[in-house]
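Please open the model in the viewer and display the backbone as a cartoon. The tour below proceeds by selections, each followed by a description of what is found there.

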Amino acid sequence: MTDSLIYQYESNNFLPSQELEILKTIVYEITDYDKKILFAKKLIELAASENEIKFSHTGYLQLGNAYKLKGNLKDALEAYYRSLRLAKKIEYLEGIAGASTAIGTAYKVEGNYQNALDYLNIGIEIFRKTNDSLNLSSSLLNTGELYRTTGNYKNAIKYFHESGRIFKSIGYQIGTAYNLGNIGLVYAEQGNHNLAEKNLNKAIEILTELGDFYPIAVYDTYMADIYLEKGDFDRALQYAQHSLDIATDHGLKEQIRDASLKLAELYEFKEEYQKAFEYQKQYLAYRDSINNEETVRKMADLRTEYEVSQKQIEIDLLESRQRMQNILFASMSTIIILLAFLAFMYYRNNKRKQMLNMIITERKEEVEAQRDQLEAMNETREKFLSIIAHDLLGPVNSFKGFSTIMKFSIDQNDTEDLKQIHSQFEKSVDGLSSLLTNLLDWSVTQQGTIPYKPEKVELKTLVDELVNLFKNMADTKNIEIKSTIDTDVDMWVDVNSVKTILRNLVSNAIKFTVDGGSITISAQTDGSMVSVKVQDTGIGIPQEKLATLLGENNFNRSWGTKGEKGLGLGLQLVKEFTEINKGELAIESVEGKGTSISVTLPLFRSKTQQ
């Protein structure tokens, strides 16, 4: 039906009102996300020229849906907020509810669950009042999915059952498919694989007929887990590969990420480590693309911008009313106000002079203090930049040298030489990447803009990911890296800054441990805190250096066992990030025997424990 509408639209001339209705139907029904974006923009453009605000609202809403399904959350949220503004402008209740629900689903994908729940509840409340069964059931489905994502399976099932009853009563197949699939996901996460497989297969069958591939890609990864649990590795691999193929064909970034991770896990289980490594690299690339910090910051700014604009509208309205009241009041009492105003002005001018003198004195003191602070900061930064200049110049010059040698080796068709050059080139890139990462983190700390959002974080999962991340780096020096954390320990910390802490500690341990050495990560709880220790058998730290190692702005070079260079910047970051997370840092080292660095962080405490 959609193809015939598109053909009809492109083959005929219509009145603007007819063209708007056709475009609206196309963007609602089309399942090709790139085409949905194209026709949504056509709808927006035509609606703007005809001043049809409701159609503009629909265009932005469907544009946001397409962007979200393609993994472009920033553009999706921007489109949804525009849709919400337009609906509020004409007091279009169904539009307000639809846009609010869409914003909630986008925040759910981002991981901002509180914002997601707030907006989803707005949509549900309006849809119940307007008796909009289809949109109410969709909002209930999304809210159930939010509860499933956060592990609240009881509420998830409750919302899924209510939405399922509504979808069935109105005969909405795609909604029924999503509902069955999401219930299957709950059963899968609860370990009830038979019921999970039954529901997921029903959902996939319906969605395949409808040509909706995004949820199929999601459900296929869960089916892979189910068959892996059953011991049927080949079927698990087929489902994971099918998920990746669908996601790649349709440009679904989130599912390319998830399917790549699942394939990496399966091939690692099968001990085909080269394939596992390739899929792991693909997973990391898509994960970093989706979770780009600048994108997340811009998404947060969108909500702030919207809320500020709403407040400004309210302020403007109040000011307008106040001006009208002032005009009426002034016309009735001009003489009285004028006399009172003159007396008040005389009194206020005297007070203002006194106040201005005080303010000038205070501002002068503040400016002088800020000037001193800026001078100290500039001295620190100049020192830091002068130190890193040489470390950056070394890898860059080595790249130029590699380029010349690689050209010569290519001319000579010397593949063995190229392999050696590649190995050295990779080490230089790793070193430069690590330096730039720490420099970026340090620059954030100096600006005073470090985000601190504590949440419940499972230590074992975090450390296991860390061990897997550094395994290849450790293997190049024949270093054994292991974790002795075998029980669940939940921390209450900012996950990103704690990842930075542990990455720096393990990276330093590898750098200063000789070939054949070992690195052990362990943890011990004590009351409301947990101490995470990274212990190596490396070259150790001289006592005279240990005493000044964590001094403020102490950027001293050091060299690893393979000549790896550093600035001491990593430990500076560890110290600052530990303090931000309300923790403590301790270092013990014996020169020639190794170093042990402990980071003490707060444990998660449930409401019943508080």
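Is the crossing of helix 19 and helix 20 left-handed or right-handed? Select residues 459-475 for helix 19 and residues 495-511 for helix 20; the crossing of these two helices is right-handed. The model is a predicted one. The axes of helix 19 and helix 20 lie 11 Å apart, and the packing angle is about 35°. Next, show the side chains at this contact: helix 19 contributes Leu462, Glu465, Leu466, Leu469, Phe470, Met473 and Ala474. Facing them in helix 20 are residues including Val495, Val498, Leu502, Val506 and Ile510, together with Lys499, Arg503 and Ser507.

Zoom out to view the whole chain. The protein chain comprises 22 helices and nine strands, and 39% of its 610 residues count as buried. Of the contacts between residues at least 6 apart in sequence, 63% join residues at least 24 apart.

Now select residues 253-269, which form helix 14. This helix of 17 residues reaches 24 Å from its first C-alpha to its last, close to the 24 Å expected at 1.5 Å a residue. Buried residues in helix 14 include Ile256, Ala259, Leu263, Ala264, Leu266 and Tyr267, and among them are also the charged positions Glu254, Arg257 and Lys262. To see what covers the buried residues, add helix 4 (53-69), helix 6 (93-110), helix 12 (213-230), helix 13 (233-249) and helix 15 (273-290), which are included in that cover. Continue past the end of helix 14 to glutamate 271, which has a positive phi near 65°.

Turn next to the aromatic rings. The model contains eight aromatic pairs. Select tyrosine 227 and tyrosine 239: their ring centres are 5.5 Å apart and their planes are at 15°, so this pair is stacked. Because tyrosine 227 belongs to helix 12 and tyrosine 239 to helix 13, the pair ties together parts that are 12 residues apart in sequence. Tyrosine 227 counts as buried at 8% relative accessibility, and tyrosine 239 is buried with a relative accessible area of 14%.

Keep tyrosine 227 in view and add lysine 230, whose charged end sits over the ring of tyrosine 227, 5.3 Å from its centre. A further example involves lysine 54, which lies over the face of tyrosine 92 at 4.3 Å from the ring centre.

Finally, select Tyr81, Tyr107 and Tyr119, which ring pairs link into a cluster.

Definitions and conventions: Residues numbered from 1 in each chain as written. Predicted model: local features only at pLDDT ≥ 70, side-chain atom pairs only at ≥ 80, totals over all residues. Heavy atoms only, no water. Helix = DSSP H or I, 4+ residues; strand = E, 2+ residues; numbered from the N terminus. Expected span 1.5 Å × (residues − 1). Buried < 20%, exposed > 50% of the residue type's maximum accessible area, 1.4 Å probe, protein only. Contact = heavy atoms within 4.5 Å. Phe/Tyr/Trp six-rings, centres within 6.5 Å; stacked < 30°, edge-to-face > 60°. Lys NZ or Arg CZ within 6 Å of the ring centre and 35° of its normal. Axes fitted to C-alpha atoms, helices over the stretch in contact; angles between N-to-C directions. Left-handed = near helix turned anticlockwise from the far one by under 90°.
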